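User: Please take a close look at one part of this model, the interface between the two chains. I would like the cut-offs stated along with the values.

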Amino acid sequence: MEKYAVKIEDLTITYDDVVAIENVNLEMLDGEFLAIMGPNGAGKTTLLKAILGLIKPVRGKVEVYGYNPFHEGDKVRHLIGYVPQKVMLSKAVRLTVGEVVLMGALARKYPPRIPSEKDVNSALEALKIVGLEEFWNRDFLELSGGQQRRVLIARALVSKPKLLLLDEPLTGVDVRSQAEISAFLNELNRKHKVSILMVTHDLNPVVEYVDRVALLFRKIYAIGTPEEVLKEDILSKVYGSRVRVFAYGGVCFAIIGDVHR
Amino acid sequence: MFLEIMGSPFIVNALIGIIIASFVSAAIGHILTSRGITFLSAEVAHAALGGAAFGVLLQTLGIIWFEPLYGAFLFGVVSALITAYAGLRGSREQMEAAIGVSLAMSMALAVVFLGYIRSEDMPKVWGYLVGDILLLTVDDLLFLGSLAILVGFFYILFRRELLYIAFDIESAEALGIKVKFYHYLSILLAAIGVIVTTKALGAILVYAFIIAPAAAANEIAKKTSQIPLITLAIALFSGMIGLTLTFTVNIPASGTIGILASIAYLMAITYSRLRRK
Ligand SMILES: Nc1ncnc2c1ncn2[C@@H]1O[C@H](COP(=O)(O)OP(=O)(O)O)[C@@H](O)[C@H]1O
Ligand SMILES: [Mg+2]
C-alpha cells in the first residue's frame, strides 16, 4: 500500500519563457484532504495538470501512487478523477446529464465505447452520490452552475478513483451550493476514503474539512494545518497587505481584499 | 416522358450521387457544427476546386493519368491538415482565422491555375464549382462511394470521441482520450466528406448541403443521438426534390438542392423558436 497519493520533488514547469511553478516539493498522504490555495496565475491549474501527466516538467519528479504520470499516463488516469476548472462547454454540443457522467466510464473502454448496463449503473450511482439522480435525462447546459459542477464531480467519481483532483470547484457557484459541495467532499473523504486534492483561491468554504493547506504562488510558501498557514504574516507574502484572518468557533478564516498582487 | 428521363443512366447516377452525399452530410455535418468550425467545409471545397484546376492543367501538360479528382483530393486534404495543425493548441478563434486564410489561399491558387487552362478544358473545372451531378460516371460513383463508406465507418466507430473533444477538449484529454489523434481524424474525415460533396454538387453549394441540414437537425433534435438521422433525412429530401425539380422546371440541380437545404434550415429555426415560446 502506497503511503503517498502524490509525491512531488523539485518540480519546475514553464510555458515558453513564463515560469509557472518553480522548485515545488509536496507530499500528499493517501486518504488526505489537501487544499492548494493561491491567487490567480499562481500555477495551481498547472500543478494539477502535471499530476495528471498532461504537462511535461522542465525539472523534477511527480509520482502518483508510485507511478510517473507522464510516462504511465494510463495507469495514473485510472487512479484519478479530475474536475476541471473551466469547462469550455461548446453550446453546439448538447449532452444529457447521463451522457456527461457516462464519459467517465466510457473513457476507459475501447471505441465504439458502447455503454454496458454496468456502466449505466455506476454512472447512476455516481449521480446519486452528488444528489442528482433524477437529472439523468436533463440537458446538461440547462442546469445551474452548481448543478453542472456536481455533475462533473459525478463524472470524476464514476471510475471509483483513489484520488480526486478538483480545480476551483466552488468558483462561480452560489453560496448554498458551495456549502453543499464542501460538505459532500468531506463525506467522500471521510466515508469513502477518497484522497482529495482541491485547488481554490478561497479556502473558507472548506477550511473546517481540510487536513492541510498549501499556499502556492509559483513556489510553495507554506504548508500545514489551516491554523498553521492562515496567519496574516504568511498570507501577506502572497496576497499583499490586504489580508485579515479571523478566528470563529475555533476555525480560522482569511478575508482577502485584493487577489491580484 | 418523365419515366423515360428517370430511367436514364445519368439520372440513376445522379440519384446515387445524392444518396452518397447525403450520408456524408449526416456524418460530417454533425462533426463540423459541434466543433463550431462550419466554414472548414467551404475552405476544403475551394481547395478541392483549386486542386481540380491543377489536375486539368497537368493533363494539358501531358500528365494524362492525373485526374482532376486526384488533385481535388490532394489539395482538399492538405489544406484541411494545415488548418488542423493551426488549430491544435490554439483557440477556436485561431482555427477560424486559419480557415479564413486557407480559404483565401485556395481561391487564389484556383484563379492562378484557371488562368493557364485552355478554354475547351474549362467545363471540367466548372463542374467542381457548380457541380456536375448529372455527369457523374460509374467510376466517379465507385470512388466517391468508397470514400463515403470510409467516412461513415470511422464516424460510427469514433463518434463519442469526436463529441467529447467538441464538448470539452481539456477534460477529454484528462480522461485519457488521445485528443490530438481525434482532432486530426475529425478534420481529415470532414475534408474527405467535403471533397466527395464538392465533386457531386460543386464548391459553392457544399456549405449549403453539409451545414444547413446538420444545423437544422441541431434545432429540431431532442437528443444529440437523433441528429445524424435527422440530418440524413433533410439532406436526402432536399437532394431528391431538388433533382426532380430540375427536370420539371429546368434549373441546375445544385441550385435547387442548395435552396431547399437552406429553406429546411429556416423552417427548423422557426419551428424551434415557436416550440420554445
Ligand atoms: N497554456 C499556457 N500557455 C502559456 N502560459 C500559460 C498557459 N497556462 C498557464 N499559463 C501561465 O502560467 C501561469 C500559471 O497559470 P495557472 O496554472 O493557470 O494558474 P492558476 O490556475 O493558479 O490561476 C500564469 O502566469 C499563466 O498565465
Ligand atoms: Mg487555474
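Analyst: What follows describes the contact between chain B and chain A. The model is predicted, so local features need pLDDT of at least 70 and side-chain atom pairs count only at pLDDT 80 or more, while totals for chains, interfaces and linings use all residues. Residues are numbered from 1 along each chain as its sequence is written, chains are lettered from A in the order in which they are written, and side-chain values use heavy atoms, with hydrogens and water left out.

Chain B puts 26 residues into the contact and chain A puts in 28 residues, where contact means heavy atoms within 4.5 Å. About 2,500 Å² is buried between the two chains, with 58% of that area coming from carbon and sulfur atoms; buried area is the accessible area (1.4 Å probe) that two parts lose on being put together, summed over both.

Two salt bridges are found across the interface, a salt bridge being a side-chain nitrogen of Lys or Arg within 4 Å of a carboxyl oxygen of Asp or Glu. R113(A) and E161(B) form a salt bridge through their side chains, at 2.2 Å from N to O.

On the side of chain B that touches chain A, the elements giving two or more residues are α2 (9-35), α7 (138-167) and α8 (169-174) of chain B. Helices here are DSSP runs (H or I, at least four residues), numbered from the N terminus. The most comes from α7(B), with nine residues. By type, this side of chain B has twelve nonpolar, six polar and eight charged residues. Ala, Val, Leu, Ile, Met, Phe, Trp, Tyr, Cys and Pro count as nonpolar, Asp, Glu, Lys and Arg as charged, and the others, Gly among them, as polar.
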